[in-house]
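I opened this notebook to keep track of what I looked up in one structure, entry by entry. The entries start with a term I needed and then go from the whole chain to single residues.

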Amino acid sequence: MLSPQRLSQATGLNFVQLTVPGANVREQLAVMRWFIRHHAEIGALVLTLDERWCVTDPALPLRSPFPFWLYGDSNLDYLANALSTRTLRDGFRRLASAFRPPVPVDPAGYSDYEAGKAWSFKPGKPAPAEGFPARDDRRFGVSPIFPG
């Protein structure tokens with residue numbers, strides 16, 4: 001994982017993390033476009049790509065809801081969504097949370113999503129495939145040799 005704070009200290013440049021947990025390519029591109037539009041000077045963009053970027057559908061289908069209006073170009077869309085009943089409901093929840101003790105957050109937005117997780121995966125011996133005929137390599141002139 002890349003830490004913007006460590007990268008900034010090591011290079012003397014300013015790094016930020018634009019990660020949105022659970023976001024796919026379409027959502028990540030929306031956030032990246034917003035960032036580019038609102039910053040006059042950007043030295044570089046560093047992307048880490050995973051299997052989600054290997055999609056063949058050019059429509060980039062959504063797997064979960066995402067507030068594209070928040071990162072879009074339309075002030076009208078922003079206003080319509082900002083004044084919705086959902087926003088009012090969430091506003092009341094936010095006010096209620098204001099009276100709870102704050103949870104510290106890294107100002108750079110960095111979060112180590114693997115911290116505190118116990119990785120206990122220990123692959124065992126694969127179970128035999130029942131109901132499948134045994135592979136017969138003799139038809140190719142090869143005698144199977146299996147380790148003992």
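Entry 1, a term to settle. I count a residue as buried when its relative accessible area is under 20%, as exposed when it is over 50%, and as partly exposed in between. I also note at the outset that this is a predicted model.

Entry 2, helix 2. With that cut-off in hand, I looked up which residues of helix 2 are buried, and I found Val25, Glu27, Ala30, Val31, Met32 and Phe35. I then checked the length of helix 2, which has 13 residues and reaches 18 Å from its first C-alpha to its last, close to the 18 Å expected at 1.5 Å a residue. As background, I wrote down that an α-helix has 3.6 residues a turn, so residues three or four places apart point the same way.

Entry 3, the whole chain. How many helices and strands does the protein chain have? I found 4 helices and 0 strands, and from the N terminus on the elements run α-α-α-α. Of the 148 residues in the protein chain, 11% are buried. The accessible surface comes to about 13,200 Å², and carbon and sulfur atoms hold 60% of that surface. Among the contacts with a separation of 6 or more, 64% join residues that are 24 or more positions apart.

Entry 4, helix 4. Is helix 4 well covered or hardly covered? I found it hardly covered, since the count of buried residues among its 14 residues is 0. Its span holds no surprise, because 14 residues at 1.5 Å a residue should span 20 Å and the end C-alpha atoms of helix 4 are 20 Å apart.

Entry 5, the largest pocket. I looked up the space in the largest pocket and noted about 1,300 Å³. The pocket is lined by 37 residues, and those closest to its centre are Val16, Gln17, Leu18, Thr19 and Val46. Helix 1 (4–11) and helix 2 (25–37) are the elements that give two or more residues to this lining, and helix 2 gives the most, with 4 residues. By kind, the lining residues divide into 24 nonpolar, 9 polar and 4 charged.

Entry 6, Leu60. I went next to the loop between helix 2 and helix 3 (75–82), where Leu60 has its place. Phi of Leu60 is near 50 degrees, which I marked as a positive value in a residue other than glycine. Leu60 counts as buried because its relative accessibility is 19%, and the cut-off for that word is under 20%.

Entry 7, Thr48. The loop between helix 2 and helix 3 also holds Thr48. Is Thr48 buried or exposed? With a relative accessible area of 57%, Thr48 is exposed. Leaving aside residues up to four places away in sequence, I found that Thr48 touches Leu2 and Trp53. The C-alpha atoms of Thr48 and Leu2 are separated by 9.0 Å, although these two residues are 46 residues apart along the chain.

Entry 8, Tyr110. My last search was in the segment after helix 4 (85–98), where Tyr110 is found. Tyr110 counts as buried because its relative accessibility is 18%. Here I met Leu2 again, since its C-alpha atom and that of Tyr110 are separated by 8.8 Å, with their positions 108 residues apart along the chain taken as the distance apart.

Methods. Residues are numbered from 1 along each chain as its sequence is written. This is a predicted model: local features need pLDDT of at least 70, side-chain atom pairs count only at pLDDT 80 or more; totals for chains, interfaces and linings use all residues. Side-chain values use heavy atoms; hydrogens and water are left out. Buried means under 20% relative accessible area, exposed over 50%, partly exposed in between (1.4 Å probe, protein chains only). Contact means heavy atoms within 4.5 Å. Accessible areas come from the Shrake-Rupley method with a 1.4 Å probe; for residues, only the protein chains shown count as cover. On a 1 Å grid over the protein atoms alone, a cavity is a set of points where a 1.4 Å probe fits but cannot get out, and a pocket is an open set with protein on both sides within 12 Å along at least five of seven lines; lining residues have an atom within 4 Å of a point. Grid points are joined across faces, edges and corners, and a volume is the space filled by probe spheres set on the points. Ala, Val, Leu, Ile, Met, Phe, Trp, Tyr, Cys and Pro count as nonpolar, Asp, Glu, Lys and Arg as charged, and the others, Gly among them, as polar. The expected span of a helix is 1.5 Å times one less than its number of residues.
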